[in-house]
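Subject: Structure for your review

Dear colleague,

I am passing on the structure that we talked about, and my notes on it follow below. Please have it open while you read.

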Amino acid sequence: MEKLQSVRGMNDVLPDESRKWEFFEETVTKIARQYGYRNMRAPIVEHTPLFVRAIGDVTDIVEKEMYSFEDKLNGEKLTLRPELTAGLVRAAIEANLTYNGPVRIYNLGEVFRHERPQKGRYRQFNQFDVECFGFEGPDVDAELMIMTARIWKAVGIDDVRLEINSLGNTEERNAYRAKLISFYESNLTALDDEAKRRLHTNPMRILDSKVASVIEVNKGAPNLLDSLEAESRAHFDGLQQLLSEAGVAFVVNPRIVRGMDYYNRTAFEFVTERFGNPLTVCGGGRYDGLFEQLGGKPTPGIGYGMGVERVLMMIEDSVAFGQLDAYLVHAGEAARVAAGKLAEALRDAGLAVAQHAGGGSFKSQMKKADASGARFALIVGDNEAAAGTVAVKPLRDANGAPIQGEQAIITGLSVAEHIRSVA
Ligand code: ATP
Ligand code: MG
């Protein structure tokens, strides 16, 4: 039979790689909880109009990237979520989630976009997503960036740059749009077909163009920040002051427009230069009109999506991620029985213990213990079983580096204490 393959742009995550995923997921989950964020989940499939209405029909995502299909059984038009915000807002409206006041939520999940796969760009990828529903800001705007700075530190990334911008409110954006359209109209020859097509529907997207001639023209484009009125100005100044107070470095980048229409006021990205061209690892912003646009009550909001695969590219792998405390080696019938009891008792004590399965000599089992990345090998032979003892051999330190340590003979259950005292 011919071998079957995964769908292009959709990747498997094998155990050696997955330990890094779990390290990331555990880290962000812990930090989000520390800031009062609560987990919330919405389905992977939604009605297509949700995304068209939320993201905007003249956007890359809606025009070219959505996996949309018709349900064969009832003809419903459905789409695999291309981002997480729209579904979460839909769910929040349906459940009247902000009835008792604002909420902070986080979510980790798969999203789907039909793009050309390359490094850091896939058709199924994952986002760590945070949303604050019901907050006017700019305090939560700053808070979620401060939280993200903590995440970078916790996963050992120090080469991302925070870039912020303000997209203003609807009136300010409309005034700016008009200025921008007349600017591009007087520079028509430099625009590519896509830019021309978007000129009257979504001119701000042209600011984000990757086409050389358009990038050149954009250098002279009017600046949205000049169109801000007092309130939006104060919001943006407030954000900058709060970030400075917290010691979070940022730069103002008036070119940040973001790929969805729902954003207003605060827009931001975390960008790295590690891979040559600037790569955005995390992007988001404020969406004060989105609840109403989706049929809900007026509710301000802000959130972001972090590209998990892109962040993982920046984290060095370590066998210390998800490390086992011990690998339990045993040979002999009495030893097997003693080992089984010991393993369960150690798990009761909270340790992660893999008990060797499948038999074999001590030597071959010790090889498995080494390969497992465990901190200790626990060795039980029939002699140890009779004496109620265990030989404990250190294999690696807490960073996963191999160590040469003395083997100790420990009595039964004090193994847990011994491991803890050394660990
Ligand atoms: P890009 O400009 O790179 O296409 P985007 O503006 O479309 O990014 P967002 O919609 O803001 O991206 O999504 C949030 C984050 O998700 C991005 O900052 C990025 O880290 C990640 N991301 C976006 N598209 C992909 C993809 N196809 N594969 C992997 N990660 C992605
Ligand atoms: Mg994109």
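Helix α2 (residues 48–55) lies across β2, β3 and β4, and runs at about 75 degrees to β2; here helices (H or I, at least four residues) and strands (E, at least two) are DSSP runs, numbered from the N terminus, and angles run from 0 to 180 degrees between N-to-C directions, with axes being lines fitted to C-alpha atoms, for helices over the stretch in contact. Please bear in mind that this is a predicted model, in which local features need pLDDT of at least 70 and side-chain atom pairs count only at pLDDT 80 or more, while totals for chains, interfaces and linings use all residues. Residues are numbered from 1 along each chain as its sequence is written, chains are lettered from A and ligands numbered from 1 in the order in which they are written, and side-chain values use heavy atoms, with hydrogens and water left out.

The sheet beneath that description is an open one of three strands in the order β2-β4-β3, with antiparallel pairing, where two strands pair if DSSP finds at least two bridges between them. Its edge strands, each pairing on one side only, are β2 (45–47) and β3 (68–70), and the twist averages 35 degrees from one strand to the next. Between β2 and strand β4 (residues 77–80) there are three bridges, and glutamate 46 stands opposite threonine 79 in β4.

A second region to look at is helix α5 (residues 139–154), which holds aspartate 141. This aspartate 141 counts as buried because its relative accessibility is 0%, the classes being buried under 20% relative accessible area, exposed over 50% and partly exposed in between (1.4 Å probe, protein chains only). The side chains of aspartate 141 and threonine 266 are joined by a polar contact of 2.7 Å, that is, a pair of N or O atoms within 3.5 Å, of which, within protein, one must be able to donate a hydrogen and the other to accept it, and residues adjacent in sequence count only if both atoms are side-chain atoms. Apart from neighbours within four places in sequence, aspartate 141 is in contact (heavy atoms within 4.5 Å) with His235, Leu239, Thr266, Arg286 and Ile302.

The axes of α5 and helix α9 (residues 230–246) come within 9 Å and cross at roughly 40 degrees. On the α5 side, Asp139, Asp141, Ala142, Met145 and Ile146 make the contact, and on the α9 side His235, Leu239, Leu242, Leu243 and Ala246.

Some backbone details also deserve a check by eye. Glycine 137 and proline 138 are joined by a cis peptide bond, with omega about 5 degrees, and proline 138 sits in the loop between β6 (124–133) and α5. Asparagine 96, although not a glycine, has a positive phi of about 50 degrees; asparagine 96 belongs to the loop between α4 (85–94) and β5 (103–112) and is partly exposed, with a relative accessible area of 33%. Arginine 265, likewise not a glycine, has a positive phi of about 45 degrees, lies in strand β9 (residues 264–272) and counts as buried at 12% relative accessibility.

Lastly, asparagine 202 is in the loop between α7 (193–198) and α8 (212–218) and is buried, with a relative accessible area of 9%.

With best wishes
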